Structure formats: structure tokens, C-alpha cells
Amino acid sequence: MSIFVKLSGKIDNAKASGYNVVMKFEKYCCPICSSKLANRGKSCFCERNHCFDIAKENYLNLNISQKSSDKAGDNKEMILARKEFLQSGKYQPLADKLVELVDKYSGVGSVLLDLGCGWGYYVNHIQSKSEKSRTYLATDLSKDAIKIGGKLNTYVDFCIANSYHLPLADKSVDMLLCVFSPYAIDEIMRVLSDDGKAIFVYPNDYHLWELKQNIYGDNVHTKDFEVDFAPLKEIEKTSLAYSFELTSSAQIHNLITMTPYVYTTPKYMLERAEDVGKMQVRADFGISVLEK
Ligand SMILES: C[S@@+](CC[C@H](N)C(=O)[O-])C[C@H]1O[C@@H](n2cnc3c(N)ncnc32)[C@H](O)[C@@H]1O
Ligand SMILES: [Zn+2]
């Protein structure tokens with residue numbers, strides 16, 4: 001069995017001791033010519049010598065689009081709100097469930113990609129609890145999010161990239177995770193290996209129901225997310241539902257700030273919802289595991 005070693009810089013010692021070395025970021029491809037990247041310490045180079053510096057926070061920026069709409073992703077305020085909320089452990093049951101599913105469907109030496117990873121809460125949890133020989137990749141369009149991820153966990157290869165144009169070779173991912181993030185099914189089909197699996201997490205109808213009631217009163221509606229993963233085929237579908245308590249306006253604010261309501265709802269309605277100060281909220285996650 002090979003032993004995989006993740007390194008951020010020099011490979012000499014590991015090579016000398018006979019390890020099979022997987023250098024950081026070498027699973028990614030050049031966004032200009034699509035050839036493989038080689039890690040030469042502080043930078044990665046492709047076969048045609050295009051160069052991408054590794055940021056001091058330990059991430060790679062492979063988003064070369066000049067369009068401002070392609071550079072967005074979540075802003076710093078949303079990222080920090082999500083970080084504070086997730087670090088409080090309220091979605092840990094989901095993180096634990098993902099560890100279970102990832103272990104069930106992928107094993108030693110596989111490549112896992114967390115697509116639209118945010119600051120990396122789920123991929124970091126999986127990496128710390130699960131198989132160490134996996135290569136963990138995590139991509140997001142938001143520089144603020146990827147910067148935090150890179151600083152927090154050097155065992156995950158964080159990269160700024162657009163989920164609609166991934167800097168990854170065809171069939172190079174064995175396990176793809178997409179938690180509440182936008183995706184292009186064609187791009188997922190392209191990067192997923194022939195026996196690869198994809199796990200999607202999405203809100204069920206009553207996810208955050210009490211929060212929605214608190215914001216919208218009688219105008220609350222249940223259905224706001226349609227799932228369609230074709231041509232991927234579903235092999236397991238499950239739900240995870242439980243209640244958690246928010247005990248301050250700041251906690252309610254963080255949860256609201258990490259949801260789409262922050263884009264679509266007048267500020268005064270959100271502030272009114274925060275003023276409640278304390279509430280019990282239902283989490284209700286839909287989880288689908290799919291294969292090609
Ligand atoms: C609802 S958040 C989920 C983040 C993370 N999966 C989590 O659950 O903590 C959606 C994420 O998708 C990212 N995003 C939005 N558009 C994207 C795109 N075109 N490519 C990559 N990431 C994108 C945002 O920056 C944000 O981090
Ligand atoms: Zn290149």
C-alpha cells in the first residue's frame with residue numbers, strides 16, 4: 001500500500017524515504033492551457049510554464065476571469081457570519097453525517113473535492129475525522145473564504161476557482177461534495193471519475209422554518225429549492241432534521257447573514273427578526289448521494 005504525504009514545500013526527505021509524494025496543489029490544472037501543475041515551492045508551474053504563486057495563506061488563485069461577475073462569491077461579512085455560526089457547532093450533526101457518507105462511498109487514496117466550500121467547515125471536519133490518505137481539494141469563488149480556509153488547514157488544497165469552470169482534469173475527482181453551493185452539472189460530470197460519487201446537501205421545505213416565519217410572518221412559503229441532478233443517478237437519499245437554539249440577536253444575525261434572505265429581504269425586516277433575541281429553529285437538510 002502506498003503512503004501518501006502532503007507537503008507544502010520540499011520533497012527531498014519524503015522521496016528519499018520512499019514515500020509516494022503527493023505535492024500540494026498538484027491535482028489542479030492550469031486555467032490557461034489545462035496542463036497539469038507542478039509544485040516548485042512557492043509557486044506552481046504548468047507544462048507550458050504558466051506560473052501561479054502560492055499565497056502566504058496557503059492557497060492558490062486559479063480564477064483568471066477578468067469579468068467582475070466571475071470574481072464575486074460571498075462577501076467578507078457573509079463569510080465571517082458563516083464562520084461564527086458554524087464554529088458554534090449548530091450544524092455539526094450535518095458535518096458528522098458527511099464524514100459517515102464520505103467514508104461509506106470513498107476510501108484510501110481517493111481525491112475529494114468540496115465544491116463551493118466557503119471557508120472550509122465541512123472539508124476541514126471530514127479531513128480531521130476521516131481518511132488521511134485522501135487528497136482534499138476545496139474550491140470557492142470568494143477570496144475571503146479561501147484565505148480563511150488556507151490559513152486554517154494546510155492538509156486541504158484550497159483554491160479560488162469558479163464552479164462553472166474548474167481547473168481540474170477530466171475524471172480526476174472520486175468524491176465531490178456540494179453543500180448549499182451553486183454548481184454546473186456538466187462540469188461535475190466532467191471532473192468526476194467513472195466510479196466517482198457526488199454528495200449534495202440542500203434545504204428541505206421546512207429548513208429554518210421558524211426563522212423564515214420570524215422574518216416573513218404569514219407570507220412565509222415552504223418551497224424555495226428544486227433539486228435536479230440528472231444525468232447523475234441517485235444511489236442514496238436521506239434527510240437530517242433536528243432543532244437548535246439561537247440565544248442572542250447576534251446569533252440570529254449570523255444565521256440570517258449566511259442565507260440568501262440577506263440579498264432579497266429589506267433590511268428593516270431582518271433587523272426586526274434579529275430583535276427577537278432568542279428562538280428555537282429547525283434544521284432540515286436533504287442529502288443525496290449520486291453516481292455517474
Ligand atoms: C451558501 S454558501 C455555502 C458554503 C459552504 N459549502 C458551506 O456550507 O459552508 C455558497 C458558497 O458558494 C460560493 N460561490 C458562489 N458562486 C460560486 C461560483 N460560481 N463558483 C464557486 N463558488 C461559488 C460562495 O462564495 C459561497 O461560499
Ligand atoms: Zn498553462
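Colleague: Which domains is the protein chain divided into?

Modeller: This is a predicted model, where local features need pLDDT of at least 70, side-chain atom pairs count only at pLDDT 80 or more, and totals for chains, interfaces and linings use all residues. Residues are numbered from 1 along each chain as its sequence is written, with chains lettered from A and ligands numbered from 1 in the order written. The bounds come from an automatic or database domain assignment, and the chain splits into domain 1 (1-54) and domain 2 (56-203 + 224-240 + 285-291).

Colleague: How many residues of domain 1 are in contact with domain 2?

Modeller: Contact here means C-beta atoms, placed from the backbone, within 7 Å. On the domain 2 side 18 residues take part, and on the domain 1 side the number is 15.

Colleague: Which strand gives the most to the largest nonpolar core?

Modeller: A nonpolar core is a set of buried Ala, Val, Leu, Ile, Met, Phe, Trp, Tyr and Cys residues joined through C-beta atoms within 7 Å, buried meaning 20 or more other C-beta atoms within 10 Å of a residue's own. The largest one has 70 residues, and it draws at least three from each of domain 1 and domain 2. Strands are DSSP runs (E, at least two residues), numbered from the N terminus. With 6 residues, the top contributor is β10 (173-179).

Colleague: Leaving aside neighbours within four places in sequence, which residues is Leu-60 in contact with?

Modeller: Leu-60 is among the residues with the most contacts inside that core. Sequence neighbours within four places aside, its partners are Phe-25, Tyr-28, Cys-44, Phe-52, Ile-54 and Cys-159.

How values were computed: Two residues are in contact if their C-beta atoms, placed from the backbone, lie within 7 Å. A residue is buried if 20 or more other C-beta atoms lie within 10 Å of its own, exposed if 12 or fewer, and partly exposed in between; C-beta atoms are placed from the backbone. Helices (H or I, at least four residues) and strands (E, at least two) are DSSP runs, numbered from the N terminus.
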